[in-house]
Amino acid sequence: MGIVAIALASTGALALSGCAGGSTTGDAGAIITTNGTEPQMSLIPTNTTEVGGGKIITSIFAGLVSYSASGEIQDEVAKSIESEDATTWTVTLNDDWTFTNDEPVTASSFVDAWNYGALSTNAQGSSYFFDNIVGYSDVSNMVDDPTGATDDTGAVLQVAAPLAETMSGLTVVDDTTFTVELAGSEADWPLRLGYSAYSPLPKVAFEDMDAFGQNPIGNGPYELGGADAWQHDVQIDLVTNPDYAGVRTPVNDGLTIIFYASFDAAYAAMQGGDLDVLDQIPESELASYESDFPDTFVNEPAAVFQAFNMPYYLEHWSGEEGKLRRAAISMAIDRAEITDVVFQGTRTPATDFTSPVIDGYSDSLKGSEVLEYNPEEAVAKWAEADAISPYTGTFDIAYNADGPHQVWVDAVVNSVKNTLGIEAVGKPYPTFGAALEDRDAQTLTGATRAGWQADYPSLYNFLSPLYQTGAGSNYEGYSSEEFDTLLQEGAAASSVEDATAKYVEAQEVLLQDLPTIPLWYQNTSGVWSDGVSNVEFGWDSVPLYHEITKN
């Protein structure tokens, strides 16, 4: 069957005030300006796992499929993706695609890129996206360090020792055809292929991947506007790719993504007429943005989840004591009041670990009462934990000050402080990258702001990358055999209904362990100037930049 035939149903396209929808009138020969953040890593598709870099990668690369505004998949480089058993898939490419260096996009462009992303010695953040392909275990093999090196607990460190350089489940048939053998049946496997980790790479990338990541060559609707297009910590300039052959053909002349130090600064730029589109409103402007931009704003649900994590490596936060403290902290937070007062109704208190716009979402999971404000029970559980080991010191939540987080962090720590009677404070980092560095190095002193903007519209995507053992975004090292098993059973289910049932069970395990403390679901809350038209935000809260025109 063709790829369009297995697209999921709409997950909630955003109906926007003042949106002309689909018209291509206006000044196409113009640069659209928008906000962003400095990418944490160089721009390599399989190693870009955060929003700042992801926004750029999606603009300069085209994968087998892409997503419509409502989250449905649509062909890009793929001509068809077919399987008779949902285990072995045949991918056929259109033959008129090239990278911006004129190299043809072939089956090898995909297979080589996926093998690079999966190979453990390349240490790519999105390597786990390939873990369902036969042979992944051979290229991601981990063994005890032969030198006998140990960590702080005395456990022998694990090092990468792949048994093979490539996954046996990937086979190039010819220039426009390759096959993918999965470890088990996955009827909805094509749904994930719009995520940037599945992008192709040109041959030049493998000559020097670090250099390539600073000046990537893609095949998407945009390309870098020259060798100096990426001005670190300032902005990145993209121009339209004249040879792009997909469904996201730009009707403008390019895109400049400006890296603001804060959303307040970005909002001020919007008010001053120096920015065309802003995709997130700072807390300080939530009460006024609709009146500031009465005909050009959006406030609709999106696939964005907000939380904070407690590292297991910190004293008091593992074992039975840790479970009690995590539950106590969760029940000490008045989510309803914070979303109403701080966020002016632009957030919804969380009842699970996914998003209401994703098919299969449930607001009645067993154990979800741990996400409800219950100060009496919170105090009781904290006391139980103190009976195991008395808690001393200050509870802190790390967050990046270049995002709109200080107000809600202050509200959360005040709720915890007032309920439990402990010292609690926010711990700001200047940038998102700086905050992630301490998470990567496991040197946090307390909790850390966490969240997830879906890569593709699936419950699985909210669960596997964050909580599966060894997953690339599982920074705090959560591991549960029960959760992993349920997740794997869901991924291999023969129907969407059976898969959803397993994902529900897996989330109920998370509600017991609380590797993250769910807070709320974030709406798409953005504005744009009256100098642009045809502004539409997608299911993932990212504007469809290629559709925007200057008036």
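Let's start with a word you'll need: a residue is buried when its relative accessible area is under 20%, exposed when over 50%, and partly exposed in between (1.4 Å probe, protein chains only). What you have open is a predicted model, where local features need pLDDT of at least 70, side-chain atom pairs count only at pLDDT 80 or more, and totals for chains, interfaces and linings use all residues. Residues are numbered from 1 along each chain as its sequence is written, and side-chain values use heavy atoms, with hydrogens and water left out.

**Stop 1: a pair inside one helix**

Select Arg325 and Glu321. Both sit in helix H7 (residues 319–331), 4 residues apart, about one turn of the helix. (Helices are DSSP runs of H or I with at least four residues, numbered from the N terminus.) The two form a salt bridge, with their closest N and O atoms 2.9 Å apart. That term means a side-chain nitrogen of Lys or Arg within 4 Å of a carboxyl oxygen of Asp or Glu. Arg325 has a relative accessible area of 0%, so it's buried. Glu321, at 9%, counts as buried too.

**Stop 2: another helix, another pair**

Now pick Lys381 and Glu377. They're 4 residues apart in helix H9 (residues 375–388), which means about one helical turn separates them. Their salt bridge has its closest N and O atoms 3.7 Å apart. Glu377 has 31% relative accessibility, so it counts as partly exposed.

**Stop 3: a long-distance link**

Next, select Glu476 and Arg439, a salt bridge with closest N and O atoms 2.7 Å apart. This pair ties together distant parts of the chain: Glu476 is in the loop between H12 and helix H13 (481–491), Arg439 is in helix H11 (residues 432–441), and their positions lie 37 residues apart in the numbering. That is, Glu476 and Arg439 are 37 residues apart. Both of them are buried. Add Asp386 to your selection along with Glu321 and Arg325: salt bridges that share partners join these three into one network. In total, the structure holds 11 salt bridges.

**Stop 4: two helices meeting**

Finally, show helix H12 (residues 459–467) and helix H14 (residues 496–513). How do they pack? Their angle is about 40°, with the axes 10 Å apart. Axes are lines fitted to C-alpha atoms over the stretch in contact, and angles run from 0 to 180 degrees between N-to-C directions. H12 and H14 are therefore oblique to each other (under 35 degrees is roughly parallel, over 145 roughly antiparallel, 65 to 115 roughly perpendicular, and the rest oblique).

Zoom in on the contact, meaning heavy atoms within 4.5 Å. Leu459, Tyr460, Leu463 and Tyr467 in H12 meet Thr500, Tyr503, Gln507 and Leu510 in H14.
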